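The exercises below are meant to be worked with the sequence and the 3D structure in view. Try each task before reading the solution that follows it.

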Amino acid sequence: MTRREFITLLAGAAAAWPLGARAQQPVMALVGLLSSAQLDDRQIGAIRQGLKDAGYIEGRNVAIKYRSADARFDRLPALAADLVADPVAAIIALAPPAAVAAKAATATIPIIFATGADPVGLGLVSSFNRPGGNATGVTFVVNTLGAKRLELLRELVPSASVIGLLINPGNPTSDSQTSDVQAAARAIGVEPLILNVGSERNIDAAFASAVQQRVNAVIVGADSFFVSRSDQLVGLAARHGMPAVYFLREFADIGGLVSYGPSQTDAYRLAGGYAARILKGEKPADLPVVQSVKFELVVNLKTAKALGLTVPDNLLARADEVIE
(Lines give C-alpha, C1' and ligand atoms only; values in the text may rest on other atoms or scores of the structure.)
Protein backbone atom coordinates (compact mmCIF):
# COMPACT_ATOMS: atom_id res chain seq x y z
CA MET A 1 0.00 0.00 0.00
CA THR A 2 1.40 3.39 -1.00
CA ARG A 3 1.57 6.32 1.38
CA ARG A 4 -1.16 8.13 -0.61
CA GLU A 5 -3.48 5.06 -0.46
CA PHE A 6 -2.93 4.78 3.29
CA ILE A 7 -3.76 8.46 3.89
CA THR A 8 -6.89 8.18 1.71
CA LEU A 9 -8.05 5.07 3.61
CA LEU A 10 -7.41 6.74 6.98
CA ALA A 11 -9.29 9.89 5.96
CA GLY A 12 -12.26 7.84 4.75
CA ALA A 13 -12.44 5.91 8.00
CA ALA A 14 -12.23 9.10 10.05
CA ALA A 15 -15.06 10.64 8.06
CA ALA A 16 -17.20 7.59 8.71
CA TRP A 17 -16.67 7.58 12.51
CA PRO A 18 -19.14 10.36 13.37
CA LEU A 19 -21.80 8.75 11.19
CA GLY A 20 -21.27 5.40 12.87
CA ALA A 21 -21.35 6.97 16.30
CA ARG A 22 -24.56 8.78 15.46
CA ALA A 23 -26.10 5.58 14.16
CA GLN A 24 -25.45 3.86 17.47
CA GLN A 25 -27.26 6.54 19.47
CA PRO A 26 -30.80 5.45 20.46
CA VAL A 27 -33.74 7.33 18.98
CA MET A 28 -35.18 9.73 21.57
CA ALA A 29 -38.97 9.43 21.70
CA LEU A 30 -40.86 12.51 22.92
CA VAL A 31 -43.86 12.01 25.21
CA GLY A 32 -46.13 14.76 26.47
CA LEU A 33 -47.38 14.66 30.05
CA LEU A 34 -50.52 16.76 30.52
CA SER A 35 -51.70 17.14 34.10
CA SER A 36 -54.58 19.07 35.62
CA ALA A 37 -52.49 19.78 38.74
CA GLN A 38 -48.87 19.70 39.80
CA LEU A 39 -47.51 16.19 40.36
CA ASP A 40 -45.31 15.17 43.25
CA ASP A 41 -42.12 13.14 42.93
CA ARG A 42 -43.90 9.90 43.82
CA GLN A 43 -46.44 10.29 41.01
CA ILE A 44 -43.89 11.29 38.39
CA GLY A 45 -41.68 8.45 39.58
CA ALA A 46 -44.52 5.97 39.01
CA ILE A 47 -44.91 7.08 35.37
CA ARG A 48 -41.17 6.84 34.82
CA GLN A 49 -41.17 3.38 36.40
CA GLY A 50 -43.88 2.18 34.02
CA LEU A 51 -41.83 3.40 31.09
CA LYS A 52 -38.61 1.97 32.53
CA ASP A 53 -40.15 -1.48 33.04
CA ALA A 54 -40.68 -1.59 29.27
CA GLY A 55 -37.20 -0.33 28.44
CA TYR A 56 -37.76 3.43 28.19
CA ILE A 57 -35.54 5.56 30.43
CA GLU A 58 -35.99 9.32 30.57
CA GLY A 59 -32.96 11.09 29.20
CA ARG A 60 -31.67 7.99 27.43
CA ASN A 61 -34.28 6.93 24.89
CA VAL A 62 -37.36 8.92 25.91
CA ALA A 63 -37.90 12.59 26.75
CA ILE A 64 -40.95 13.83 28.64
CA LYS A 65 -42.42 17.27 28.04
CA TYR A 66 -44.26 18.28 31.22
CA ARG A 67 -47.30 20.55 31.10
CA SER A 68 -49.43 21.28 34.18
CA ALA A 69 -52.51 23.51 34.45
CA ASP A 70 -51.97 24.03 38.19
CA ALA A 71 -55.68 23.23 38.74
CA ARG A 72 -56.73 26.01 36.33
CA PHE A 73 -58.75 23.90 33.94
CA ASP A 74 -59.19 26.76 31.47
CA ARG A 75 -55.45 26.52 30.67
CA LEU A 76 -55.65 22.88 29.55
CA PRO A 77 -56.74 23.44 25.90
CA ALA A 78 -53.73 25.69 25.23
CA LEU A 79 -51.34 23.30 26.97
CA ALA A 80 -52.72 20.37 24.96
CA ALA A 81 -52.38 22.36 21.74
CA ASP A 82 -48.75 23.07 22.63
CA LEU A 83 -48.00 19.35 22.92
CA VAL A 84 -49.78 18.62 19.65
CA ALA A 85 -47.83 21.35 17.83
CA ASP A 86 -44.46 20.02 19.02
CA PRO A 87 -45.45 17.27 18.04
CA VAL A 88 -45.13 14.57 20.68
CA ALA A 89 -45.33 10.86 19.89
CA ALA A 90 -47.94 10.30 22.59
CA ILE A 91 -49.72 12.22 25.36
CA ILE A 92 -50.18 10.90 28.88
CA ALA A 93 -53.18 12.80 30.28
CA LEU A 94 -53.83 12.71 34.01
CA ALA A 95 -57.29 13.45 35.47
CA PRO A 96 -60.56 13.86 33.50
CA PRO A 97 -60.17 17.54 32.47
CA ALA A 98 -56.70 16.88 31.05
CA ALA A 99 -57.87 13.80 29.15
CA VAL A 100 -60.84 15.66 27.68
CA ALA A 101 -58.59 18.56 26.60
CA ALA A 102 -56.10 16.20 24.96
CA LYS A 103 -58.86 14.37 23.12
CA ALA A 104 -60.26 17.67 21.83
CA ALA A 105 -56.81 18.77 20.66
CA THR A 106 -55.95 15.77 18.48
CA ALA A 107 -57.60 12.84 16.77
CA THR A 108 -54.33 11.29 15.62
CA ILE A 109 -51.68 11.48 18.35
CA PRO A 110 -52.11 8.55 20.78
CA ILE A 111 -53.50 9.51 24.20
CA ILE A 112 -52.99 7.45 27.35
CA PHE A 113 -55.26 8.66 30.13
CA ALA A 114 -55.37 7.89 33.83
CA THR A 115 -58.73 8.90 35.23
CA GLY A 116 -61.16 8.17 38.02
CA ALA A 117 -64.12 9.05 35.80
CA ASP A 118 -65.91 6.87 33.23
CA PRO A 119 -63.90 7.25 29.99
CA VAL A 120 -66.91 6.20 27.91
CA GLY A 121 -69.10 8.84 29.53
CA LEU A 122 -66.39 11.44 28.93
CA GLY A 123 -66.26 10.52 25.25
CA LEU A 124 -62.65 9.35 25.39
CA VAL A 125 -63.33 5.80 24.17
CA SER A 126 -66.16 3.87 22.55
CA SER A 127 -65.93 1.01 25.05
CA PHE A 128 -63.51 -0.46 27.56
CA ASN A 129 -62.67 -3.53 25.47
CA ARG A 130 -62.57 -1.76 22.11
CA PRO A 131 -61.55 1.85 22.69
CA GLY A 132 -61.44 2.81 19.01
CA GLY A 133 -59.94 6.14 18.02
CA ASN A 134 -56.67 7.42 19.43
CA ALA A 135 -57.17 7.06 23.19
CA THR A 136 -56.92 4.33 25.81
CA GLY A 137 -55.57 4.12 29.31
CA VAL A 138 -56.19 3.35 32.95
CA THR A 139 -59.20 3.93 35.16
CA PHE A 140 -59.40 3.83 38.92
CA VAL A 141 -62.42 4.10 41.17
CA VAL A 142 -62.36 7.41 43.01
CA ASN A 143 -65.47 9.43 42.21
CA THR A 144 -67.94 6.75 43.33
CA LEU A 145 -66.43 6.13 46.75
CA GLY A 146 -68.39 8.85 48.54
CA ALA A 147 -70.52 6.32 50.39
CA LYS A 148 -67.44 4.50 51.66
CA ARG A 149 -65.84 7.74 52.86
CA LEU A 150 -69.07 8.69 54.61
CA GLU A 151 -68.99 5.32 56.37
CA LEU A 152 -65.44 6.00 57.58
CA LEU A 153 -66.47 9.38 58.98
CA ARG A 154 -69.35 7.78 60.84
CA GLU A 155 -66.97 5.29 62.39
CA LEU A 156 -64.71 8.11 63.56
CA VAL A 157 -67.52 10.49 64.55
CA PRO A 158 -70.53 8.28 65.42
CA SER A 159 -72.60 11.23 66.62
CA ALA A 160 -72.26 13.16 63.34
CA SER A 161 -75.65 14.24 62.04
CA VAL A 162 -74.59 16.86 59.47
CA ILE A 163 -71.87 15.98 56.96
CA GLY A 164 -70.43 18.53 54.56
CA LEU A 165 -69.25 17.71 51.04
CA LEU A 166 -66.64 20.00 49.48
CA ILE A 167 -67.13 19.81 45.75
CA ASN A 168 -65.80 21.72 42.74
CA PRO A 169 -68.81 22.53 40.52
CA GLY A 170 -66.47 23.02 37.55
CA ASN A 171 -65.42 19.37 37.56
CA PRO A 172 -67.27 17.13 35.06
CA THR A 173 -67.79 14.52 37.80
CA SER A 174 -69.21 16.89 40.44
CA ASP A 175 -72.85 15.95 39.83
CA SER A 176 -72.24 12.21 40.15
CA GLN A 177 -70.14 12.66 43.28
CA THR A 178 -72.81 14.86 44.87
CA SER A 179 -75.68 12.47 44.15
CA ASP A 180 -73.63 9.54 45.43
CA VAL A 181 -72.96 11.18 48.81
CA GLN A 182 -76.50 12.57 49.12
CA ALA A 183 -78.05 9.14 48.58
CA ALA A 184 -75.70 7.44 51.04
CA ALA A 185 -76.23 10.15 53.68
CA ARG A 186 -79.99 10.03 53.52
CA ALA A 187 -79.96 6.24 53.72
CA ILE A 188 -78.38 6.43 57.19
CA GLY A 189 -80.29 9.48 58.39
CA VAL A 190 -77.48 12.01 57.97
CA GLU A 191 -78.05 15.47 56.55
CA PRO A 192 -75.70 16.24 53.64
CA LEU A 193 -74.61 19.85 53.16
CA ILE A 194 -73.04 20.68 49.77
CA LEU A 195 -70.21 23.20 49.92
CA ASN A 196 -69.30 24.41 46.43
CA VAL A 197 -65.64 25.38 46.08
CA GLY A 198 -64.54 26.52 42.65
CA SER A 199 -61.55 28.67 43.50
CA GLU A 200 -58.86 29.11 46.12
CA ARG A 201 -60.62 31.99 47.85
CA ASN A 202 -63.77 29.88 48.27
CA ILE A 203 -62.02 27.29 50.45
CA ASP A 204 -61.81 29.49 53.55
CA ALA A 205 -65.41 30.58 53.08
CA ALA A 206 -66.56 26.97 52.73
CA PHE A 207 -65.01 25.95 56.06
CA ALA A 208 -66.40 29.05 57.76
CA SER A 209 -69.85 28.18 56.40
CA ALA A 210 -69.47 24.59 57.59
CA VAL A 211 -68.70 25.75 61.12
CA GLN A 212 -71.57 28.26 61.08
CA GLN A 213 -74.03 25.58 59.95
CA ARG A 214 -72.81 23.15 62.60
CA VAL A 215 -71.32 20.60 60.23
CA ASN A 216 -69.84 17.72 62.25
CA ALA A 217 -67.40 16.39 59.63
CA VAL A 218 -66.41 16.94 56.01
CA ILE A 219 -65.88 14.80 52.93
CA VAL A 220 -63.46 16.38 50.45
CA GLY A 221 -64.63 15.52 46.94
CA ALA A 222 -62.28 13.92 44.45
CA ASP A 223 -60.77 16.71 42.36
CA SER A 224 -57.32 17.67 41.11
CA PHE A 225 -58.01 21.25 42.21
CA PHE A 226 -58.20 20.03 45.81
CA VAL A 227 -54.94 18.13 45.35
CA SER A 228 -53.25 21.40 44.42
CA ARG A 229 -54.67 23.00 47.59
CA SER A 230 -54.02 20.06 49.92
CA ASP A 231 -51.97 22.06 52.43
CA GLN A 232 -54.69 24.69 52.69
CA LEU A 233 -57.47 22.13 53.12
CA VAL A 234 -55.66 20.11 55.76
CA GLY A 235 -54.64 23.27 57.59
CA LEU A 236 -58.18 24.65 57.68
CA ALA A 237 -59.59 21.32 58.91
CA ALA A 238 -57.06 21.38 61.75
CA ARG A 239 -57.71 25.04 62.58
CA HIS A 240 -61.47 24.51 62.81
CA GLY A 241 -61.17 21.15 64.57
CA MET A 242 -63.11 19.58 61.70
CA PRO A 243 -62.76 15.81 61.08
CA ALA A 244 -62.31 15.28 57.34
CA VAL A 245 -61.91 12.34 54.98
CA TYR A 246 -59.93 12.68 51.77
CA PHE A 247 -59.69 10.75 48.51
CA LEU A 248 -55.90 10.28 48.25
CA ARG A 249 -53.25 9.21 50.73
CA GLU A 250 -51.23 12.35 50.02
CA PHE A 251 -53.66 14.27 52.27
CA ALA A 252 -53.14 11.91 55.21
CA ASP A 253 -49.39 12.08 54.69
CA ILE A 254 -49.43 15.82 55.40
CA GLY A 255 -51.79 15.69 58.40
CA GLY A 256 -55.24 14.83 57.06
CA LEU A 257 -57.31 12.63 59.39
CA VAL A 258 -58.08 9.74 57.05
CA SER A 259 -57.97 8.97 53.35
CA TYR A 260 -59.53 6.24 51.27
CA GLY A 261 -59.06 5.90 47.57
CA PRO A 262 -57.11 4.35 44.74
CA SER A 263 -53.35 4.13 44.64
CA GLN A 264 -52.49 6.81 42.11
CA THR A 265 -48.93 5.56 41.90
CA ASP A 266 -50.18 2.15 40.77
CA ALA A 267 -52.46 3.72 38.16
CA TYR A 268 -49.74 6.04 36.88
CA ARG A 269 -47.26 3.16 36.64
CA LEU A 270 -49.77 1.30 34.47
CA ALA A 271 -50.24 4.42 32.31
CA GLY A 272 -46.48 4.66 31.83
CA GLY A 273 -46.43 1.03 30.73
CA TYR A 274 -49.21 1.63 28.21
CA ALA A 275 -47.31 4.62 26.83
CA ALA A 276 -44.30 2.38 26.30
CA ARG A 277 -46.38 -0.17 24.39
CA ILE A 278 -47.66 2.56 22.11
CA LEU A 279 -44.13 3.87 21.54
CA LYS A 280 -43.23 0.34 20.43
CA GLY A 281 -45.92 0.45 17.76
CA GLU A 282 -49.17 -0.77 19.31
CA LYS A 283 -52.34 1.20 18.57
CA PRO A 284 -54.58 2.75 21.25
CA ALA A 285 -57.65 1.36 19.49
CA ASP A 286 -56.33 -2.17 20.10
CA LEU A 287 -55.43 -1.74 23.78
CA PRO A 288 -58.37 -2.29 26.18
CA VAL A 289 -58.82 0.19 28.99
CA VAL A 290 -57.42 -1.37 32.16
CA GLN A 291 -58.51 -0.76 35.74
CA SER A 292 -56.17 -0.20 38.65
CA VAL A 293 -57.63 -2.17 41.56
CA LYS A 294 -55.25 -1.19 44.34
CA PHE A 295 -56.86 0.87 47.12
CA GLU A 296 -55.34 2.49 50.19
CA LEU A 297 -56.87 3.30 53.58
CA VAL A 298 -54.56 5.58 55.57
CA VAL A 299 -55.29 6.80 59.10
CA ASN A 300 -53.35 9.62 60.72
CA LEU A 301 -53.46 8.69 64.41
CA LYS A 302 -51.65 11.86 65.44
CA THR A 303 -54.38 14.00 63.87
CA ALA A 304 -57.11 11.86 65.43
CA LYS A 305 -55.63 12.46 68.88
CA ALA A 306 -55.38 16.20 68.22
CA LEU A 307 -59.09 16.20 67.35
CA GLY A 308 -59.93 14.19 70.45
CA LEU A 309 -61.14 11.22 68.44
CA THR A 310 -60.74 7.57 69.35
CA VAL A 311 -60.07 5.44 66.28
CA PRO A 312 -61.87 2.08 66.55
CA ASP A 313 -59.58 -0.94 66.68
CA ASN A 314 -61.31 -2.58 63.72
CA LEU A 315 -60.66 0.53 61.61
CA LEU A 316 -56.98 0.51 62.56
CA ALA A 317 -56.82 -3.19 61.67
CA ARG A 318 -58.22 -2.49 58.19
CA ALA A 319 -55.87 0.40 57.49
CA ASP A 320 -53.09 -0.11 54.97
CA GLU A 321 -51.04 2.42 56.91
CA VAL A 322 -51.36 4.12 60.29
CA ILE A 323 -49.40 7.34 60.68
CA GLU A 324 -48.32 7.91 64.26
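**Exercise 1.** Find where Ser199 is placed, decide whether Ser199 is buried or exposed, and name the side chain with which the side chain of Ser199 makes a polar contact.

*Solution.* Begin with the chain itself, in this predicted model: Ser199 sits in the loop that runs between β7 (191-196) and α7 (200-212). Next consider the relative accessibility, which is 16% for Ser199; because buried means under 20%, Ser199 counts as buried. Finally, look at the side chain of Ser199, which makes a polar contact of 2.9 Å with the side chain of Asn202.

**Exercise 2.** Determine what kind of peptide bond joins Asp86 and Pro87, and locate Pro87 among the helices and strands.

*Solution.* The angle to examine is omega, which is about -10° for the bond between Asp86 and Pro87, and this peptide bond is cis. As for its surroundings in the chain, Pro87 belongs to the loop between α3 (76-85) and β3 (90-94).

**Exercise 3.** Ala95 has a positive phi, and so does Arg214; for each of them, give the value, the loop, and the state of burial.

*Solution.* Take Ala95 to start with: its phi is near 85°, a positive value in a residue other than glycine. Ala95 lies in the loop between β3 and α4 (96-105), and its relative accessible area of 16% makes Ala95 buried, because the cut-off for that class is under 20%.

Turn then to Arg214, where phi is near 60°, again positive in a residue that is not glycine. Arg214 is found in the loop between α7 and β8 (217-220), and with a relative accessible area of 68% Arg214 is exposed, because exposed means over 50%.

**Exercise 4.** Describe the protein as a whole through its helices and strands, its span, its buried share, its contacts and its charged side chains.

*Solution.* Counting the elements gives 13 helices and 13 strands, while the C-alpha trace spans about 100 × 40 × 35 Å along its principal axes. Of the 324 residues in the protein, 50% are buried, and the accessible surface comes to about 14,900 Å², with 53% of it belonging to carbon and sulfur atoms. For the contacts, consider those between residues at least 6 apart in sequence: 71% of them join residues at least 24 apart. The last step concerns charge, where 30 positive and 29 negative side chains are present, and the centres of the two sets lie 6 Å apart.

How values were computed
Residues are numbered from 1 along each chain as its sequence is written. This is a predicted model: local features need pLDDT of at least 70, side-chain atom pairs count only at pLDDT 80 or more; totals for chains, interfaces and linings use all residues. Side-chain values use heavy atoms; hydrogens and water are left out. Helices (H or I, at least four residues) and strands (E, at least two) are DSSP runs, numbered from the N terminus. Buried means under 20% relative accessible area, exposed over 50%, partly exposed in between (1.4 Å probe, protein chains only). A polar contact is a pair of N or O atoms within 3.5 Å; within protein, one must be able to donate a hydrogen and the other to accept it, and residues adjacent in sequence count only if both atoms are side-chain atoms. Contact means heavy atoms within 4.5 Å. Accessible areas come from the Shrake-Rupley method with a 1.4 Å probe; for residues, only the protein chains shown count as cover. Lys and Arg count as positive and Asp and Glu as negative; His and the chain ends are not counted. The place of a charge is taken as NZ of Lys, CZ of Arg, CG of Asp or CD of Glu.
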